[in-house]
Protein chains: 2
Amino acid sequence: VTIRLYDVAGQDSNHRFSPFCWRIKMALSHKGLPFETIPWHLTDKSAIADSGQGRAPVIEDGEHTLHDSWRIACYLDSAYPNTPPLFTDASAKAHALFIKFWCERDLHDAIRPIIILDLLKAFHEKDKAYFRESREKLFKMTLERFAAEEEKKQAALDRALVPLRDSVSLNQYIGGAQPSFADFIVFGAFQWARAVSPTQLVTSSDPIYAWRDRLLDAYGGIAGKAKGYAV
Amino acid sequence: VTIRLYDVAGQDSNHRFSPFCWRIKMALSHKGLPFETIPWHLTDKSAIADSGQGRAPVIEDGEHTLHDSWRIACYLDSAYPNTPPLFTDASAKAHALFIKFWCERDLHDAIRPIIILDLLKAFHEKDKAYFRESREKLFKMTLERFAAEEEKKQAALDRALVPLRDSVSLNQYIGGAQPSFADFIVFGAFQWARAVSPTQLVTSSDPIYAWRDRLLDAYGGIAGKAKGYAV
């Protein structure tokens with residue numbers, strides 16, 4: 001059975017930038033599970049209504065429909081125990097959950113203002129107003145204001161990246177000698193930026209850059225070949 | 001063989017506040033290994049000269065002398081494989097390394113200005129000048145200036161604590177159903193504060209408070225019974 005993944009797409013339906021969907025594309029690739037992606041737009045709520053909510057990623061695997069990248073990862077390890085694990089055991093999974101929360105707060109919050117205007121441009125025309133309105137309500141300011149303060153943004157990113165840099169200076173992956181779902185979580189944030197923004201987040205001499213390169217090249221280069229900026 | 005741990009002590013030799021030494025006291029307790037602590041002062045460099053460097057924790061285990069809390073933890077799992085693990089496997093260990101770097105940067109940096117003047121007071125008279133001079137050189141400002149800006153400090157701590165709060169809202173420990181060395185690393189930062197400062201870092205309704213309570217009570221209450229403030 002080929003797993004179907006609803007994957008956020010832009011004005012160009014081959015343009016895929018959701019950090020949460022990238023987690024799952026990397027996870028499925030890591031496990032060697034065949035899958036196809038279905039381009040999905042933020043306002044296509046009816047297409048994923050079976051999942052009981054309105055956000056991608058959503059996967060359909062035979063009779064199972066699931067949403068939420070963390071739940072999908074747990075499901076994949078459980079449903080396909082004879083494939084390379086995303087979590088090697090319960091303790092590794094609990095630690096990865098900490099890294100997920102770090103990523104969604106510290107790293108996403110640091111990257112978001114840097115890329116948000118480029119991200120807005122990438123969305124399908126029919127999604128742009130929805131994206132702007134929902135985010136401006138959340139941030140309580142215009143996207144343009146949210147994106148301002150150039151110097152502060154880079155300083156905040158540099159500070160946020162410290163534990164990642166220290167980790168991948170000592171190990172090949174956050175998961176050690178092999179990537180774990182923690183790698184895919186954090187890598188998703190970099191794919192989000194790379195897909196939409198020409199801004200270079202880390203220099204080529206940064207250990208994070210080499211770590212990202214390893215994941216861009218992994219699994220036949222599924223991430224590296226995807227539409228984005230070579231930054 | 002009883003393991004000997006050189007443990008940073010204050011003016012009162014029963015006052016033990018090093019976050020790095022707390023990691024090891026919790027780790028040894030978790031593993032059920034008998035140990036004794038030797039009160040050690042920052043300026044007693046000769047007492048730990050065998051370790052080839054000048055900072056605690058240092059352990060002596062028979063013929064082995066080791067320093068650095070991470071290396072000591074790795075040694076303990078390796079030397080005592082039939083005791084409860086600090087790291088369940090290589091991936092859990094790699095993830096814990098990320099959490100260590102997060103803790104030492106984000107959490108220690110957020111707690112340090114809140115407690116530093118109380119910490120200075122706790123040191124032995126012969127250590128106070130050394131502590132002040134070495135830290136003022138590092139921070140490039142006086143300790144009093146470093147400790148200023150009351151509102152900023154609490155806001156920085158609240159922000160830093162997010163991934164920890166999210167984790168221990170879902171799991172009993174950072175390591176899941178059982179504590180791992182990642183718990184002891186992060187707990188060490190709270191013991192550092194609790195030992196010297198009356199400042200309450202988290203309120204009693206915070207999930208972090210309940211997590212800390214579990215570790216204060218663990219292993220016969222070794223941490224909870226230690227000299228400190230009931231905050």
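Here is a short conversation about how the two chains of this predicted model fit together.

User: What makes the relation between chain A and chain B that of a two-fold axis?

Analyst: Start with the superposition. A turn of 180 degrees, with a shift of 0.0 Å along the axis, lays chain A on chain B with an RMSD of 0.0 Å. That is the relation of a two-fold axis. If you would like a landmark, look for Ala92(A): of the residues of chain A, its C-alpha comes closest to the rotation axis, at 2.0 Å.

User: How do you know that the copies meet through the same surface?

Analyst: Compare the two sides of the interface. Of the interface residues of chain A, 100% are also interface residues in chain B, so the copies meet through the same surface. The contact takes 29 residues from chain A and 29 residues from chain B.

User: How much area do chain A and chain B bury between them, and which three residues of chain A supply more than any other three?

Analyst: The two chains bury about 2,700 Å² between them, and 64% of it lies on carbon and sulfur atoms. On the side of chain A, His95(A), Phe98(A) and Phe101(A) supply 27% of the area buried against chain B, more than any other three residues.

User: Why is the pair Arg159(A) and Asp109(B) called a salt bridge?

Analyst: Here the cut-off helps: a side-chain nitrogen of Lys or Arg must lie within 4 Å of a carboxyl oxygen of Asp or Glu. The side chains of Arg159(A) and Asp109(B) meet at 3.7 Å, N to O, so the pair fits the rule. Across this interface the rule finds two salt bridges, and six residue pairs are in polar contact.

User: Which elements of chain A give two or more residues to the side that touches chain B?

Analyst: They are helix H3 (90-122) and helix H7 (162-170) of chain A. H3(A) gives the most, with 14 residues.

User: How do you know that Cys103(A) is not in a disulfide?

Analyst: Check the distance between the sulfur atoms. A disulfide needs two cysteine sulfurs within 2.5 Å, but the closest cysteine sulfur to that of Cys103(A) is 14 Å away, in Cys21(A), so it is too far for a bond. In chain B, the sulfur of Cys21(B) is 14 Å from its closest cysteine sulfur, in Cys103(B), again too far for a bond. A search of the whole structure finds zero disulfides over all chains.

User: Why is Cys103(A) called buried?

Analyst: Buried means under 20% relative accessible area. Cys103(A) has 0%, so it is buried. Cys21(B) also has 0% and is buried.

Note on methods: Residues are numbered from 1 along each chain as its sequence is written. Chains are lettered from A and ligands numbered from 1 in the order in which they are written. This is a predicted model: local features need pLDDT of at least 70, side-chain atom pairs count only at pLDDT 80 or more; totals for chains, interfaces and linings use all residues. Side-chain values use heavy atoms; hydrogens and water are left out. Copies are superposed by least squares on the C-alpha atoms of residues with pLDDT of at least 70 in both. Contact means heavy atoms within 4.5 Å. Buried means under 20% relative accessible area, exposed over 50%, partly exposed in between (1.4 Å probe, protein chains only). Buried area is the accessible area (1.4 Å probe) that two parts lose on being put together, summed over both. A polar contact is a pair of N or O atoms within 3.5 Å; within protein, one must be able to donate a hydrogen and the other to accept it, and residues adjacent in sequence count only if both atoms are side-chain atoms. Helices (H or I, at least four residues) and strands (E, at least two) are DSSP runs, numbered from the N terminus.
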